[in-house]
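Q: I am new to this structure and would like a close look at a single part, the place where the two chains meet. Could you walk me through it?

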Number of protein chains: 2
Amino acid sequence: MESDKIVIDESKYIQQLSIDCVIFGFHGEQLKVLLPKVKQLELWSLPGGYVLKKEDIEAAAQRILEERTGLRDIYLEQFYVFGRANRSTGETLKKVLLANSIQIPEDSWVFERFISIGYYALVDFSKVNTKIGIYDEACEWHDIHQLPNLAFDHAEIIQKALETLRFMLDDKLVGLNLLPETFTMKELQILYETILDKPLRRDNFQRKVLTMGILERIEKKFTGAAHKAPYLYKFVK
Amino acid sequence: MESDKIVIDESKYIQQLSIDCVIFGFHGEQLKVLLPKVKQLELWSLPGGYVLKKEDIEAAAQRILEERTGLRDIYLEQFYVFGRANRSTGETLKKVLLANSIQIPEDSWVFERFISIGYYALVDFSKVNTKIGIYDEACEWHDIHQLPNLAFDHAEIIQKALETLRFMLDDKLVGLNLLPETFTMKELQILYETILDKPLRRDNFQRKVLTMGILERIEKKFTGAAHKAPYLYKFVK
(Lines give C-alpha, C1' and ligand atoms only; values in the text may rest on other atoms or scores of the structure.)
Protein backbone atom coordinates (compact mmCIF):
# COMPACT_ATOMS: atom_id res chain seq x y z
CA MET A 1 0.00 0.00 0.00
CA GLU A 2 1.22 3.47 -0.92
CA SER A 3 0.14 4.84 2.47
CA ASP A 4 2.56 2.49 4.21
CA LYS A 5 5.59 4.23 2.72
CA ILE A 6 7.96 5.48 5.41
CA VAL A 7 10.51 8.21 4.82
CA ILE A 8 13.54 8.39 7.11
CA ASP A 9 15.68 11.49 7.18
CA GLU A 10 18.95 9.71 7.89
CA SER A 11 20.92 12.97 8.11
CA LYS A 12 19.31 13.76 11.50
CA TYR A 13 21.09 10.90 13.23
CA ILE A 14 24.60 10.08 14.41
CA GLN A 15 25.99 7.67 11.83
CA GLN A 16 26.71 4.04 12.69
CA LEU A 17 25.41 4.36 16.24
CA SER A 18 22.25 2.74 17.57
CA ILE A 19 20.51 1.83 20.81
CA ASP A 20 18.96 -1.57 21.50
CA CYS A 21 16.65 -2.20 24.46
CA VAL A 22 16.32 -5.55 26.22
CA ILE A 23 13.06 -5.44 28.18
CA PHE A 24 12.71 -8.40 30.49
CA GLY A 25 9.26 -9.22 31.84
CA PHE A 26 8.69 -11.24 35.00
CA HIS A 27 5.39 -12.61 36.29
CA GLY A 28 4.38 -15.80 38.04
CA GLU A 29 7.21 -18.18 37.28
CA GLN A 30 8.03 -16.79 33.86
CA LEU A 31 10.81 -14.60 32.52
CA LYS A 32 10.23 -13.16 29.07
CA VAL A 33 11.74 -10.63 26.71
CA LEU A 34 9.85 -8.12 24.58
CA LEU A 35 10.46 -8.42 20.84
CA PRO A 36 8.97 -6.55 17.89
CA LYS A 37 8.52 -8.58 14.69
CA VAL A 38 9.65 -7.02 11.43
CA LYS A 39 6.89 -6.62 8.84
CA GLN A 40 6.55 -9.50 6.38
CA LEU A 41 9.70 -11.28 7.58
CA GLU A 42 10.03 -14.20 9.96
CA LEU A 43 12.48 -12.07 11.86
CA TRP A 44 12.34 -10.60 15.34
CA SER A 45 14.57 -7.90 16.70
CA LEU A 46 15.19 -5.97 19.85
CA PRO A 47 13.43 -2.60 19.98
CA GLY A 48 16.17 -0.37 18.64
CA GLY A 49 16.84 2.82 16.74
CA TYR A 50 19.20 5.70 16.05
CA VAL A 51 20.34 8.62 18.20
CA LEU A 52 19.66 12.21 17.04
CA LYS A 53 22.76 14.36 16.66
CA LYS A 54 21.90 16.65 19.57
CA GLU A 55 19.91 14.22 21.73
CA ASP A 56 20.77 12.96 25.23
CA ILE A 57 21.37 9.21 24.89
CA GLU A 58 19.13 8.51 27.88
CA ALA A 59 16.32 10.44 26.16
CA ALA A 60 17.05 8.60 22.92
CA ALA A 61 16.67 5.23 24.68
CA GLN A 62 13.27 6.28 26.11
CA ARG A 63 12.08 7.63 22.74
CA ILE A 64 13.19 4.51 20.84
CA LEU A 65 11.57 2.19 23.36
CA GLU A 66 8.28 4.08 23.13
CA GLU A 67 8.34 4.22 19.31
CA ARG A 68 8.88 0.47 19.00
CA THR A 69 6.88 -0.91 21.92
CA GLY A 70 4.59 1.81 23.34
CA LEU A 71 6.28 1.50 26.75
CA ARG A 72 6.86 4.80 28.58
CA ASP A 73 8.74 5.86 31.71
CA ILE A 74 10.54 2.54 32.07
CA TYR A 75 13.73 2.68 34.16
CA LEU A 76 16.31 1.77 31.55
CA GLU A 77 19.94 1.14 32.38
CA GLN A 78 22.95 0.83 30.13
CA PHE A 79 24.68 -2.53 30.33
CA TYR A 80 27.12 -2.89 27.41
CA VAL A 81 28.21 -1.50 24.06
CA PHE A 82 28.30 -3.93 21.15
CA GLY A 83 30.89 -2.86 18.61
CA ARG A 84 32.45 -5.80 16.82
CA ALA A 85 33.50 -4.84 13.29
CA ASN A 86 31.31 -7.59 11.79
CA ARG A 87 28.33 -7.46 14.16
CA SER A 88 25.67 -6.15 11.76
CA THR A 89 25.32 -6.74 8.05
CA GLY A 90 23.71 -4.49 5.52
CA GLU A 91 21.98 -7.52 3.94
CA THR A 92 19.54 -8.08 6.80
CA LEU A 93 18.80 -4.38 7.00
CA LYS A 94 18.10 -4.19 3.26
CA LYS A 95 15.45 -6.91 3.64
CA VAL A 96 13.90 -5.05 6.58
CA LEU A 97 13.78 -1.74 4.71
CA LEU A 98 12.33 -3.40 1.62
CA ALA A 99 9.64 -5.11 3.69
CA ASN A 100 8.78 -1.71 5.17
CA SER A 101 8.88 0.18 1.83
CA ILE A 102 11.61 2.42 3.26
CA GLN A 103 13.76 3.95 0.55
CA ILE A 104 17.36 4.77 1.41
CA PRO A 105 20.29 5.16 -1.03
CA GLU A 106 22.40 2.00 -1.46
CA ASP A 107 25.55 3.78 -0.27
CA SER A 108 23.96 5.12 2.95
CA TRP A 109 25.69 4.72 6.30
CA VAL A 110 22.72 2.68 7.53
CA PHE A 111 24.22 -0.33 5.74
CA GLU A 112 27.53 -0.04 7.56
CA ARG A 113 28.40 -1.75 10.85
CA PHE A 114 26.58 -0.23 13.82
CA ILE A 115 27.93 0.29 17.28
CA SER A 116 24.97 -0.36 19.54
CA ILE A 117 24.50 0.81 23.12
CA GLY A 118 22.51 -1.82 25.05
CA TYR A 119 19.92 -0.76 27.65
CA TYR A 120 17.93 -3.14 29.80
CA ALA A 121 14.99 -3.11 32.18
CA LEU A 122 12.94 -5.60 34.17
CA VAL A 123 9.18 -5.05 34.45
CA ASP A 124 6.10 -7.00 35.49
CA PHE A 125 4.77 -7.97 32.08
CA SER A 126 1.22 -8.28 33.40
CA LYS A 127 1.23 -4.58 34.28
CA VAL A 128 2.35 -2.95 31.02
CA ASN A 129 0.58 -2.43 27.72
CA THR A 130 2.57 -2.74 24.53
CA LYS A 131 1.81 -1.18 21.16
CA ILE A 132 3.11 -2.06 17.70
CA GLY A 133 5.55 0.45 16.18
CA ILE A 134 5.45 1.62 12.57
CA TYR A 135 8.19 -0.75 11.37
CA ASP A 136 6.70 -3.83 12.95
CA GLU A 137 3.74 -6.16 12.56
CA ALA A 138 3.85 -7.48 16.11
CA CYS A 139 5.35 -6.71 19.52
CA GLU A 140 5.26 -9.71 21.82
CA TRP A 141 6.69 -11.24 24.99
CA HIS A 142 8.81 -14.33 24.35
CA ASP A 143 9.91 -16.85 26.94
CA ILE A 144 13.70 -16.54 27.30
CA HIS A 145 14.02 -20.30 26.76
CA GLN A 146 12.20 -20.17 23.42
CA LEU A 147 13.53 -17.23 21.47
CA PRO A 148 12.49 -16.89 17.82
CA ASN A 149 14.74 -16.14 14.82
CA LEU A 150 16.59 -12.96 15.83
CA ALA A 151 18.26 -10.30 13.67
CA PHE A 152 22.01 -9.49 13.78
CA ASP A 153 23.69 -10.38 17.11
CA HIS A 154 20.51 -9.76 19.11
CA ALA A 155 20.58 -13.23 20.69
CA GLU A 156 24.02 -12.39 22.08
CA ILE A 157 22.79 -8.99 23.31
CA ILE A 158 19.92 -10.67 25.18
CA GLN A 159 22.37 -13.15 26.74
CA LYS A 160 24.66 -10.35 27.94
CA ALA A 161 21.68 -8.43 29.35
CA LEU A 162 20.54 -11.57 31.17
CA GLU A 163 23.99 -12.00 32.75
CA THR A 164 23.89 -8.38 33.90
CA LEU A 165 20.37 -8.76 35.29
CA ARG A 166 21.41 -11.85 37.27
CA PHE A 167 24.58 -10.19 38.54
CA MET A 168 22.72 -7.04 39.61
CA LEU A 169 19.56 -8.67 40.98
CA ASP A 170 20.40 -8.22 44.68
CA ASP A 171 21.09 -4.53 44.16
CA LYS A 172 18.10 -3.73 41.95
CA LEU A 173 15.46 -5.87 43.65
CA VAL A 174 13.92 -3.29 45.96
CA GLY A 175 13.11 -0.77 43.25
CA LEU A 176 11.66 -3.18 40.73
CA ASN A 177 8.05 -3.55 41.92
CA LEU A 178 7.90 -7.16 40.84
CA LEU A 179 6.16 -8.47 43.95
CA PRO A 180 2.97 -7.39 45.73
CA GLU A 181 3.46 -4.95 48.64
CA THR A 182 3.72 -7.84 51.08
CA PHE A 183 4.98 -11.25 50.03
CA THR A 184 6.14 -14.55 51.42
CA MET A 185 9.71 -15.86 51.42
CA LYS A 186 8.51 -18.50 48.96
CA GLU A 187 7.32 -15.84 46.50
CA LEU A 188 10.67 -14.05 46.71
CA GLN A 189 12.50 -17.32 46.19
CA ILE A 190 10.43 -18.09 43.06
CA LEU A 191 11.38 -14.68 41.67
CA TYR A 192 15.08 -15.43 42.20
CA GLU A 193 14.81 -18.98 40.86
CA THR A 194 12.98 -17.79 37.75
CA ILE A 195 15.48 -15.07 36.95
CA LEU A 196 18.57 -17.10 37.87
CA ASP A 197 17.04 -20.12 36.14
CA LYS A 198 18.10 -22.59 38.81
CA PRO A 199 16.66 -24.07 42.01
CA LEU A 200 17.94 -22.59 45.28
CA ARG A 201 18.14 -24.29 48.68
CA ARG A 202 15.43 -22.80 50.88
CA ASP A 203 17.55 -22.40 54.03
CA ASN A 204 20.54 -20.90 52.19
CA PHE A 205 18.32 -18.53 50.26
CA GLN A 206 16.48 -17.35 53.38
CA ARG A 207 19.74 -16.74 55.26
CA LYS A 208 21.18 -14.82 52.35
CA VAL A 209 18.26 -12.45 51.76
CA LEU A 210 17.78 -11.82 55.48
CA THR A 211 21.41 -10.71 55.86
CA MET A 212 20.96 -8.30 52.93
CA GLY A 213 18.94 -6.06 55.26
CA ILE A 214 16.28 -5.21 52.68
CA LEU A 215 13.37 -7.11 54.22
CA GLU A 216 11.01 -6.24 57.06
CA ARG A 217 9.04 -9.10 58.59
CA ILE A 218 5.35 -8.41 59.22
CA GLU A 219 2.60 -10.62 60.68
CA LYS A 220 1.90 -14.16 59.52
CA LYS A 221 -0.21 -14.60 56.46
CA PHE A 222 -3.77 -15.60 57.39
CA THR A 223 -4.50 -19.03 55.98
CA GLY A 224 -6.87 -20.50 58.57
CA ALA A 225 -4.15 -22.84 59.79
CA ALA A 226 -2.05 -20.52 61.94
CA HIS A 227 0.72 -22.95 62.84
CA LYS A 228 1.54 -23.52 59.16
CA ALA A 229 1.07 -19.94 57.98
CA PRO A 230 4.16 -18.35 56.42
CA TYR A 231 5.42 -14.95 57.49
CA LEU A 232 4.84 -11.99 55.25
CA TYR A 233 7.65 -9.58 54.36
CA LYS A 234 7.93 -6.21 52.74
CA PHE A 235 10.90 -4.28 51.41
CA VAL A 236 12.48 -1.75 53.77
CA LYS A 237 12.14 1.69 52.16
CA MET B 1 57.43 24.61 14.51
CA GLU B 2 56.31 23.55 11.04
CA SER B 3 57.34 19.94 11.70
CA ASP B 4 54.83 19.76 14.56
CA LYS B 5 51.86 20.12 12.21
CA ILE B 6 49.43 17.23 12.52
CA VAL B 7 46.92 16.26 9.86
CA ILE B 8 43.85 14.31 10.87
CA ASP B 9 41.74 12.59 8.24
CA GLU B 10 38.43 13.01 10.03
CA SER B 11 36.50 11.10 7.34
CA LYS B 12 38.02 7.80 8.55
CA TYR B 13 36.19 7.91 11.86
CA ILE B 14 32.63 7.41 13.08
CA GLN B 15 31.29 10.90 13.69
CA GLN B 16 30.49 12.15 17.19
CA LEU B 17 31.69 8.97 18.87
CA SER B 18 34.79 8.67 21.04
CA ILE B 19 36.43 6.41 23.59
CA ASP B 20 37.91 7.64 26.87
CA CYS B 21 40.13 5.45 29.04
CA VAL B 22 40.37 5.76 32.81
CA ILE B 23 43.58 4.00 33.85
CA PHE B 24 43.84 3.64 37.61
CA GLY B 25 47.21 2.89 39.11
CA PHE B 26 47.67 1.31 42.53
CA HIS B 27 50.91 0.92 44.46
CA GLY B 28 51.83 1.12 48.12
CA GLU B 29 48.98 3.09 49.65
CA GLN B 30 48.29 5.24 46.62
CA LEU B 31 45.58 5.25 43.98
CA LYS B 32 46.29 7.38 40.92
CA VAL B 33 44.87 8.02 37.49
CA LEU B 34 46.85 8.44 34.26
CA LEU B 35 46.32 11.76 32.48
CA PRO B 36 47.93 13.21 29.36
CA LYS B 37 48.44 16.98 29.36
CA VAL B 38 47.42 18.90 26.26
CA LYS B 39 50.26 20.81 24.61
CA GLN B 40 50.63 24.44 25.71
CA LEU B 41 47.41 24.45 27.77
CA GLU B 42 46.99 24.02 31.50
CA LEU B 43 44.51 21.32 30.67
CA TRP B 44 44.59 17.60 31.31
CA SER B 45 42.36 15.02 29.71
CA LEU B 46 41.68 11.33 29.77
CA PRO B 47 43.49 9.39 27.05
CA GLY B 48 40.79 9.36 24.38
CA GLY B 49 40.22 9.25 20.66
CA TYR B 50 37.92 8.32 17.79
CA VAL B 51 36.76 4.95 16.45
CA LEU B 52 37.51 3.97 12.84
CA LYS B 53 34.46 3.19 10.74
CA LYS B 54 35.27 -0.52 10.40
CA GLU B 55 37.17 -1.05 13.68
CA ASP B 56 36.20 -3.29 16.60
CA ILE B 57 35.57 -0.99 19.55
CA GLU B 58 37.72 -3.16 21.81
CA ALA B 59 40.61 -2.80 19.32
CA ALA B 60 39.93 0.94 19.11
CA ALA B 61 40.22 1.26 22.89
CA GLN B 62 43.59 -0.56 22.87
CA ARG B 63 44.89 1.54 19.95
CA ILE B 64 43.79 4.82 21.53
CA LEU B 65 45.33 3.94 24.89
CA GLU B 66 48.63 3.06 23.25
CA GLU B 67 48.68 6.21 21.07
CA ARG B 68 48.10 8.48 24.04
CA THR B 69 50.00 6.74 26.85
CA GLY B 70 52.27 4.06 25.38
CA LEU B 71 50.50 1.36 27.43
CA ARG B 72 49.90 -1.95 25.63
CA ASP B 73 47.95 -5.12 26.35
CA ILE B 74 46.10 -3.61 29.29
CA TYR B 75 42.86 -5.39 30.21
CA LEU B 76 40.33 -2.65 29.51
CA GLU B 77 36.69 -2.96 30.41
CA GLN B 78 33.74 -0.85 29.37
CA PHE B 79 31.95 0.80 32.27
CA TYR B 80 29.58 3.49 30.95
CA VAL B 81 28.61 5.57 27.93
CA PHE B 82 28.56 9.34 28.42
CA GLY B 83 26.05 10.92 26.09
CA ARG B 84 24.49 14.05 27.56
CA ALA B 85 23.54 16.52 24.83
CA ASN B 86 25.73 19.24 26.40
CA ARG B 87 28.65 17.14 27.64
CA SER B 88 31.37 18.41 25.31
CA THR B 89 31.80 21.84 23.83
CA GLY B 90 33.54 22.73 20.61
CA GLU B 91 35.27 25.67 22.34
CA THR B 92 37.62 23.52 24.41
CA LEU B 93 38.41 21.35 21.42
CA LYS B 94 39.20 24.38 19.26
CA LYS B 95 41.80 25.49 21.84
CA VAL B 96 43.30 22.00 21.89
CA LEU B 97 43.53 21.78 18.10
CA LEU B 98 45.03 25.27 17.89
CA ALA B 99 47.65 24.38 20.51
CA ASN B 100 48.52 21.30 18.45
CA SER B 101 48.55 23.08 15.05
CA ILE B 102 45.81 20.73 13.86
CA GLN B 103 43.75 22.22 11.05
CA ILE B 104 40.15 21.10 10.75
CA PRO B 105 37.29 22.99 9.04
CA GLU B 106 35.14 25.10 11.41
CA ASP B 107 31.97 23.18 10.46
CA SER B 108 33.50 19.74 11.12
CA TRP B 109 31.68 17.14 13.20
CA VAL B 110 34.58 17.17 15.65
CA PHE B 111 33.10 20.33 17.20
CA GLU B 112 29.72 18.67 17.85
CA ARG B 113 28.76 16.85 21.04
CA PHE B 114 30.51 13.48 21.40
CA ILE B 115 29.08 10.32 22.79
CA SER B 116 31.97 8.73 24.64
CA ILE B 117 32.37 5.08 25.58
CA GLY B 118 34.25 4.83 28.89
CA TYR B 119 36.79 2.03 29.45
CA TYR B 120 38.70 1.48 32.66
CA ALA B 121 41.58 -0.59 33.99
CA LEU B 122 43.54 -0.96 37.21
CA VAL B 123 47.29 -1.55 37.00
CA ASP B 124 50.31 -1.42 39.28
CA PHE B 125 51.73 1.96 38.31
CA SER B 126 55.24 0.96 39.38
CA LYS B 127 55.24 -1.78 36.71
CA VAL B 128 54.25 0.11 33.58
CA ASN B 129 56.12 2.59 31.40
CA THR B 130 54.21 5.46 29.90
CA LYS B 131 55.07 7.46 26.79
CA ILE B 132 53.86 10.87 25.63
CA GLY B 133 51.49 10.84 22.64
CA ILE B 134 51.71 13.24 19.70
CA TYR B 135 48.97 15.57 20.99
CA ASP B 136 50.38 15.86 24.47
CA GLU B 137 53.30 17.40 26.30
CA ALA B 138 53.09 15.13 29.32
CA CYS B 139 51.50 11.88 30.47
CA GLU B 140 51.47 11.54 34.24
CA TRP B 141 49.95 9.71 37.17
CA HIS B 142 47.82 11.96 39.41
CA ASP B 143 46.60 11.14 42.88
CA ILE B 144 42.80 10.74 42.70
CA HIS B 145 42.44 13.21 45.59
CA GLN B 146 44.35 15.91 43.73
CA LEU B 147 43.13 16.02 40.17
CA PRO B 148 44.28 18.88 37.95
CA ASN B 149 42.13 21.04 35.64
CA LEU B 150 40.29 18.51 33.45
CA ALA B 151 38.72 18.93 29.99
CA PHE B 152 35.00 18.45 29.28
CA ASP B 153 33.21 16.16 31.78
CA HIS B 154 36.33 14.08 32.42
CA ALA B 155 36.17 14.62 36.20
CA GLU B 156 32.69 13.05 36.13
CA ILE B 157 33.93 10.17 33.97
CA ILE B 158 36.74 9.45 36.46
CA GLN B 159 34.21 9.52 39.33
CA LYS B 160 31.93 7.04 37.56
CA ALA B 161 34.89 4.76 36.78
CA LEU B 162 35.93 4.90 40.43
CA GLU B 163 32.43 3.86 41.55
CA THR B 164 32.55 0.94 39.12
CA LEU B 165 36.03 -0.08 40.29
CA ARG B 166 34.90 -0.07 43.93
CA PHE B 167 31.71 -1.98 43.13
CA MET B 168 33.57 -4.60 41.11
CA LEU B 169 36.68 -4.94 43.30
CA ASP B 170 35.73 -8.28 44.88
CA ASP B 171 35.11 -9.81 41.46
CA LYS B 172 38.18 -8.45 39.69
CA LEU B 173 40.73 -8.77 42.48
CA VAL B 174 42.25 -12.13 41.58
CA GLY B 175 43.15 -11.19 38.01
CA LEU B 176 44.65 -7.81 38.72
CA ASN B 177 48.23 -8.67 39.77
CA LEU B 178 48.36 -5.81 42.25
CA LEU B 179 50.00 -7.77 45.06
CA PRO B 180 53.13 -9.92 45.20
CA GLU B 181 52.58 -13.65 44.69
CA THR B 182 52.21 -14.15 48.43
CA PHE B 183 50.95 -11.41 50.70
CA THR B 184 49.71 -10.79 54.22
CA MET B 185 46.12 -10.03 55.22
CA LYS B 186 47.36 -6.57 56.14
CA GLU B 187 48.65 -5.94 52.61
CA LEU B 188 45.32 -7.02 51.13
CA GLN B 189 43.46 -4.78 53.56
CA ILE B 190 45.60 -1.78 52.58
CA LEU B 191 44.75 -2.42 48.94
CA TYR B 192 41.02 -2.40 49.78
CA GLU B 193 41.29 0.63 52.03
CA THR B 194 43.23 2.59 49.42
CA ILE B 195 40.79 1.84 46.61
CA LEU B 196 37.64 2.20 48.74
CA ASP B 197 39.19 5.27 50.41
CA LYS B 198 38.01 4.36 53.90
CA PRO B 199 39.33 2.44 56.90
CA LEU B 200 37.98 -1.09 57.36
CA ARG B 201 37.66 -3.04 60.61
CA ARG B 202 40.31 -5.74 60.63
CA ASP B 203 38.10 -8.57 61.94
CA ASN B 204 35.20 -7.78 59.58
CA PHE B 205 37.52 -7.47 56.61
CA GLN B 206 39.26 -10.74 57.37
CA ARG B 207 35.96 -12.61 57.77
CA LYS B 208 34.63 -11.16 54.53
CA VAL B 209 37.61 -12.00 52.30
CA LEU B 210 37.99 -15.47 53.80
CA THR B 211 34.37 -16.33 52.95
CA MET B 212 34.95 -15.17 49.36
CA GLY B 213 36.91 -18.38 48.77
CA ILE B 214 39.66 -16.70 46.75
CA LEU B 215 42.49 -17.03 49.26
CA GLU B 216 44.77 -19.91 50.11
CA ARG B 217 46.67 -19.70 53.41
CA ILE B 218 50.34 -20.68 53.27
CA GLU B 219 53.02 -20.80 55.97
CA LYS B 220 53.72 -17.93 58.35
CA LYS B 221 55.93 -15.15 57.14
CA PHE B 222 59.44 -15.45 58.53
CA THR B 223 60.17 -12.44 60.69
CA GLY B 224 62.43 -13.89 63.38
CA ALA B 225 59.66 -13.59 65.96
CA ALA B 226 57.55 -16.62 65.09
CA HIS B 227 54.74 -16.04 67.57
CA LYS B 228 53.97 -12.62 66.05
CA ALA B 229 54.53 -13.54 62.41
CA PRO B 230 51.51 -13.00 60.15
CA TYR B 231 50.25 -15.71 57.82
CA LEU B 232 50.95 -15.42 54.13
CA TYR B 233 48.18 -15.91 51.56
CA LYS B 234 47.98 -16.35 47.83
CA PHE B 235 45.07 -16.23 45.41
CA VAL B 236 43.46 -19.54 44.50
CA LYS B 237 43.88 -20.03 40.75
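**Where chain A meets chain B**

A: Happy to! Let's begin with how the copies are arranged: a turn of 180 degrees, with a shift of 0.0 Å along the axis, lays chain A on chain B with an RMSD of 0.0 Å. That is the relation of a two-fold axis. Within chain A, A:Q15 has the C-alpha nearest the axis, at 3.2 Å from it. Both copies use the same surface, since 100% of the contact residues of chain A recur in chain B. Please keep in mind that this is a predicted model.

Now for the extent of the meeting place. On each side there are 26 residues: 26 of chain A are in contact with 26 of chain B. The size of an interface is often given as the accessible area lost when the parts come together. Here chain A and chain B bury about 2,000 Å² between them, and 54% of that is on carbon and sulfur atoms. Three residues of chain A lose the most area to chain B, namely A:Q78, A:V81 and A:F167, which together make up 21% of what that side buries.

Next come the polar links. Between chain A and chain B the count is 2 salt bridges. In a salt bridge across the interface, the side chain of A:E112 meets that of B:K54, with 3.4 Å from N to O. Polar contact is found for 16 residue pairs across the interface of the two chains.

Which elements of chain A each supply at least two residues of the side that touches chain B? They are the strands β1 (13-27), β3 (48-52), β4 (77-82) and β5 (115-124), along with the helices α1 (57-69) and α3 (154-172). Sorted by class, that side of chain A has 13 nonpolar, 9 charged and 4 polar residues.

To place this in the whole chain, chain A has 5 helices and 9 strands. Their order along the sequence is β-β-β-α-β-α-β-β-α-β-α-α-β-β. The C-alpha trace of chain A spans about 70 × 35 × 30 Å along its principal axes.

One last piece of context comes from a record. In an unreviewed UniProt entry, the annotation "domain: Nudix hydrolase" covers residues 16-166 of chain A. That span is 24% helix and 33% strand, and its end C-alpha atoms lie 30 Å apart.

Definitions and conventions: Residues are numbered from 1 along each chain as its sequence is written. Chains are lettered from A and ligands numbered from 1 in the order in which they are written. This is a predicted model: local features need pLDDT of at least 70, side-chain atom pairs count only at pLDDT 80 or more; totals for chains, interfaces and linings use all residues. Side-chain values use heavy atoms; hydrogens and water are left out. UniProt positions are given in the numbering used here, feature names are shortened, and annotations may be inferred rather than shown by experiment. Helices (H or I, at least four residues) and strands (E, at least two) are DSSP runs, numbered from the N terminus. Copies are superposed by least squares on the C-alpha atoms of residues with pLDDT of at least 70 in both. Contact means heavy atoms within 4.5 Å. Buried area is the accessible area (1.4 Å probe) that two parts lose on being put together, summed over both. A salt bridge is a side-chain nitrogen of Lys or Arg within 4 Å of a carboxyl oxygen of Asp or Glu. A polar contact is a pair of N or O atoms within 3.5 Å; within protein, one must be able to donate a hydrogen and the other to accept it, and residues adjacent in sequence count only if both atoms are side-chain atoms. Ala, Val, Leu, Ile, Met, Phe, Trp, Tyr, Cys and Pro count as nonpolar, Asp, Glu, Lys and Arg as charged, and the others, Gly among them, as polar.
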